[in-house]
Each structure stands twice: as structure tokens, then as C-alpha cells.
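Q: Could you look closely at one part of this model, a packed pair of helices and what lies around one of them, and go through it step by step? I would like each classification to be tied to the value behind it.

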Amino acid sequence: MSIEEQYDAWVRGLMGSTRAGSKRDAEEAARSVEEMQRALEQFSAPRKDPTEAVQRAAGATAENVRRMSSELTRSLQRDGLLDHVPEPRENPAPAKKGDFVGLADKVRARVLGQDAFVGALVKAFRRPFVMGVPRDSSHVRGLMLLCGTEGTGRHYALNCVAEEMAARGLLSCARIETMDLSLYPGPAQEKLFLQDLYAALQSKAEILAFDHYESCASSYLNMLATLAIDGTLALSSRYVLQRGILVDVGTALAPGAVGELEAGGKYFVFFSHKGPEALAERFGARFVDALSGDICSTQPFTPESLNAIAARELNSLAQKVRAQCGLVLAMDSTVRDLLAAQYGKARGIEAIQEYADNAYRAVVEYVLDHEEPLAAGTPVRLSVADGRLMAAVGDGEPFDLFGLLPQQYRGDVAAVEAELDAIVGLDEVKTFVRDIARNVQAQQRRKAQGMTAATVNMHMIFAGNPGTGKTTIARILAKYLKAIGALRGGQLVEVTRADLVGRYVGHTAPLTNQVIQSALGGVLFIDEAYSLYRGQDDSFGLEAIDTLVKGIEDHRDDLVVILAGYTREMQQFLSANSGLESRFPNQIEFPDYSGEQLWRIAQSIAAGKGYVMDPSCEMPLKTYFDRKQAEDAAQNGNGRMARNVLERAILNQSKRLVADPSASLELLLPGDFDLDD
């Protein structure tokens, strides 16, 4: 039998076994094809002795082998029996151990007050270099946990280490790819999670950072643990790439299907406010063991370390002012202490840096306000008085430096105040709104003067019968908070249960999160909020409430949520989630309107529509409103009742005008009002 006949028979047998065999059999078959190809290529190599005919036959046979091998491999990949195997890459020479010499000290010069943390962090990054783990390893190159309280410099330190390593060639770039795991709280986000994870793994960044794992669904944490420990994560469904995005195609056969994810030799860095014990509860003990002891913990800043950080910022400020403005700053320790006092747990060192930046902007404003340039080297002495940063230029008197900063536009506060005053009744409610505004403004003044500013919880519950002005007050409040600078957006997003609760399993959480995102920077107003809770069997409603509570906590500084509904029903609603009531300390009761107030409301509505009520309408309408309110204020609708009565009067007036064309088009008479019901 000739070589071609032997090969054809062998391939026919191979194809048959492949159709009946497993994926592993297919891979072995493909390797056998490659081995046969190499053997025939050797056979087809030119020799000195063989005849030219034999050479041509061998060459043709080798070409057939290459063609059939390629076709077979493509067929196996299309059928999902053979994953694409990337071309082997040459391993770069491992970095020398000496490349890390002095790196920790350089980072410590930038990250003050966390010497031990920086040392542990650099050690964790150095570990794979000493162990000889190549950059292109399919496994995780390094796994570490950075824990500590908020504002202690964990993220900043990681950025500094990445920049120093990139400058030394230990990393290809200083970029850090970060995934916020709180974006994947439930099963509905699986596709999004895999898409984002795939994109992060394919990025050029060699460091992947994972934040807020505490708020992530356990199933996704298990995936990350598998990827971190084994280096690969098998996907339960078929995925293909469409414009660089991983798309689920279910069980369909698709060319180039992605069957697993690879760690790709990247560093995996997890952030947490808690220690390894909490990590083990979510990821398991095996994951903690895989950390190899690379658990880096920051320590709370001491007064000495905060003073050192403040001194560094002031030194940087002085250098920038001299270089850009030609002025020489001088100051004493009280300025340093004022700057150090800006440190806050929520924003950490950023608060100190922002205060120093504002001081620089204020000095620039002083220079711009003087048409004649100041003499180079003019001294500017900074001091502190009553918690404010003062400046004295040359021999001049001290002045409030931050007073030079241009005030941000906040809108027309007077117009909003006038609109609030125009509301009939609700005196206690209006007082509450103004008290919130005064509190916000007071905290803003404290912050501007370098004093500690308290966080103002502005989430509210508006309880009361229908038509008592809850929605109207919410709209005015949104504009008011925008006008005084308490909200960056000021928009009011009005929703009900239908906008928050999905129609199928897994739909509610994304729907609720979408609404929350649309309201960030403004006010989210949920009317008839009690309808979200229809008992313990209402899983969709409970999911919406849980998602809402989490959204309130995650965006507490950028969102005001107002829940509105009947008083009794709202009390039942607050029991749906243990953390719900504590997040709404401001509970405001909207009282029913009196007959006098409803008469004034009717007058206001009539004026807005271009009508005037005859004075003789006053007593009949007041008597009617008092009677209706006494019967059932909730059922009759309060302000809505006044609007309905007026609209019926306008309709009756039009009938009267047909009979008497000379009558006033604006005047409403007692006979126009239908008050017999």
C-alpha cells in the first residue's frame, strides 16, 4: 500500500473515531495529524540519492498532509471538539532580583505613614520574580489582599508601586485594571460579569484589582477563586467575540468559541476593609492559602503621620506658587495643623490634597485681581484665625484667602423660596425643608473654613393622604437642594412599583439599579412606595427593596431618596427590610387640608387657568370642603378635590356662556359649582 493510501485509510479511521469520541480524543487526533505531517515533511526533504520522481511524489504527499491537517483542525474547532491553542511564545528573561533595590524606599517617600504596608506590598510583587514565574504564565502571577480602613492609602500605594515597577521595566505599563465587584450583586449580572472579566484579562494591564468583593454574588467569587487558584476558568456556556465583547451563544456551534478564561500571568489584587477571616468566609480557606501570606494591612494614620503628609502638601504648594506666581509663601505650624485636620475617613488623604489645591487657586485669584504684576519674591504669610486660612501679602493686613475663590452657580434660591411660600398650608413641612437647607449650608461653611463637616442624611418619608402636596413638595425640594449646592444635578426622578419591579426572575435588580443610576446627583421620588411590599411571598418586591437599600448606602453622598405613601401602609412597608427604617430618619407627616386652605387652593388653581371666582363663591365652597373633609379626607382627595370641583365649574360656565354670550369669560359664579353631591 502506498503512503497516500496508508494516510487516506488512517485519516478515514481518525475521522470516524473523532465523531464518536470525546473532546480529548479529538485533541489527541489533531496532535497525531501534526506528528504525521512532520514525518512526511522529513520524508519529502531533498536528498542527494533519491530520484526526482520520488521527490515530487513525497512533496505532493506532504502538501496534501498539510492541507488535510489544516482542514481537520478547523473542522474540530468548528464542532467545539478542539479549543484554539495560541502559538507558543518565548518566555522573556526573568527580571533580576536587584531591580527591586530601593523600590520600597521610593514608594515610602510618596506614601507617608504606611511604611510596613508598603514593605509588604513590594514583597508581594517581588515574590514571582524570586520564584522565577514568567510574565506570560497561564496562571496568576501574584495574588494579594490589601486590607485596611477607608482613606488609609491602599489604592494610592498600589498606584505608586505600579508606576515605580513600570519605570524599572518590571511591568510593561503602570496601568491597573479595576473591577468594582459591587456591580454584580445577583445572578442576573452573570453575562455582564464575564464580559467585564474577559475584557480585564485581555487588557494590557498586568495588575487586576478587585474592589468591594463583600457586595458581590457568591457564584462570581467562586469563579474568581477558581481562576486565581487554577489559572483557568471553564465556562458553562459557549461564548464568541463580537467586536471585542464576549457574547453568549448558548449551545450553538460557533467558530472561534471561547470555552475558558485564563489568568494570563497577571497580578490579582483584592481590596477589603476586613481581614483574611472575612475573605475565607466568602472565598474559602483554599483561596486564603493561595495568598501565600501576601496580606498587606494599612494602619490608621497617627497625628504625626498626618502632620507629615500636610507638611509635604504645603511644601508642594509653596513650590508651585513660587514657580507660577513668583510669590514666596511663609507659614507656621498652625497652617500645617489646619491642613492635617482636613483628613476624613470617607475621602482620606484626598481631602488634604483638595484643600491645598483650593489654597493654590485662591492665590492665583489674588494675582489675577491685580493688573500690575507683583514683584518677584513678594512674601505671602499664611496664618489661621477662627478656623479660617488667612493670607497677608507683603506688609498688608491678613484676609480670608478662600474668600477670593469664585462662588459656584447654585441657581436662583430666591425663586425657589418664593415658590415654596406660594404653597398653601403645610407650614411645618416648609419649615422642615428650610431647616434641611440651613443645615446643609452650615456644613458647607464649616468645610470651607477647614472644620469638620457632619454628613447630613436627607433621605425622607412623606406620609399622608392623597392630594396633600407630597409630590409638589418633592419637586420644590429637589430644586431647593440644587440651588444651595447640596446636589450636583438636582433632577427629580419620579417612579412607582412598575418602574422598579421586573416581570421575570432576575429582572428586578438591574431595573432598580438603572433607576438609581438615573437619579444620581438628584432626588429619587417613589410614590406609593408601600406597594413594593406585598408580604413575604412577594419575592420581586423584596428584591427591589433590598436593591434600593444597597443603592442608598452605596450612593449616600450623591442621592436623596423620598418615599411617599399613606401613613399606616408606610409603617408596614418599613418592616419589610431591617435596614430600611434606619436609612430614613426624616419622616414627615402631611396633614389634611382645612376648608379654608382648600378655598385658597381653588383660587390659586383658577388664577393659573385664567379664571376669577366671584366673592359670593367663598362661603358655599368653604362649607362644602369642610363637609367633605369631615366625611373622608383620604377618599375625597384633599387638593385633588379642589381641582376637580373647579374643573366641573369651568365646564358648567361654558354651558352658561352659550346661553348668555355677553357674560364675562373669566368670572365663575356660585351657580357654576356643582356642590350637591
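A: A residue is called buried here when its relative accessible area is under 20%, exposed when that area is over 50%, and partly exposed in between. The model is a predicted one, and the part chosen is helix 23, which runs over residues 639-659.

I650 has its place in helix 23, and because its relative accessibility is 17%, I650 counts as buried. Setting aside residues up to four places away in sequence, I650 touches K609, Y611 and L668. For K609, the separation along the chain is 41 residues, while the C-alpha atoms of I650 and K609 are 9.8 Å apart.

The helix as a whole can be placed against a partner. Two packed helices are described by the angle between their axes together with the distance between those axes. Helix 23 packs with helix 21, residues 595-608, at an angle of about 50°, and their axes are 9 Å apart. Angles under 35 degrees would count as roughly parallel and those from 65 to 115 as roughly perpendicular, so helix 21 and helix 23 are oblique to each other. The crossing of the two, helix 21 and helix 23, is right-handed. On the side of helix 21 the contact is made by L598, I601, A602, I605 and A606, and on the side of helix 23 by G639, M641, A642, R643 and L646. Sorted by character, the residues of this contact between helix 21 and helix 23 comprise eight nonpolar, one polar and one charged.

A further residue to consider is D672, which lies in the segment after strand 19, the strand formed by 667-668. With a relative accessible area of 3%, D672 is buried. Apart from neighbours within four places in sequence, D672 is in contact with R648, A649, N652, Q653, R656 and L667. One of these partners, R656, is also joined to D672 by a polar contact of 2.9 Å between the two side chains.

Taken together, the view of helix 23 includes the oblique packing with helix 21, the buried I650 with its contacts to K609, Y611 and L668, and the side-chain polar contact that links R656 to D672.

Definitions and conventions
Residues numbered from 1 in each chain as written. Predicted model: local features only at pLDDT ≥ 70, side-chain atom pairs only at ≥ 80, totals over all residues. Heavy atoms only, no water. Axes fitted to C-alpha atoms, helices over the stretch in contact; angles between N-to-C directions. Helix = DSSP H or I, 4+ residues; strand = E, 2+ residues; numbered from the N terminus. Parallel < 35°, antiparallel > 145°, perpendicular 65-115°, else oblique. Left-handed = near helix turned anticlockwise from the far one by under 90°. Contact = heavy atoms within 4.5 Å. Nonpolar A, V, L, I, M, F, W, Y, C, P; charged D, E, K, R; others polar. Buried < 20%, exposed > 50% of the residue type's maximum accessible area, 1.4 Å probe, protein only. Polar contact = N/O pair within 3.5 Å; in protein donor to acceptor, adjacent residues only side chain to side chain.
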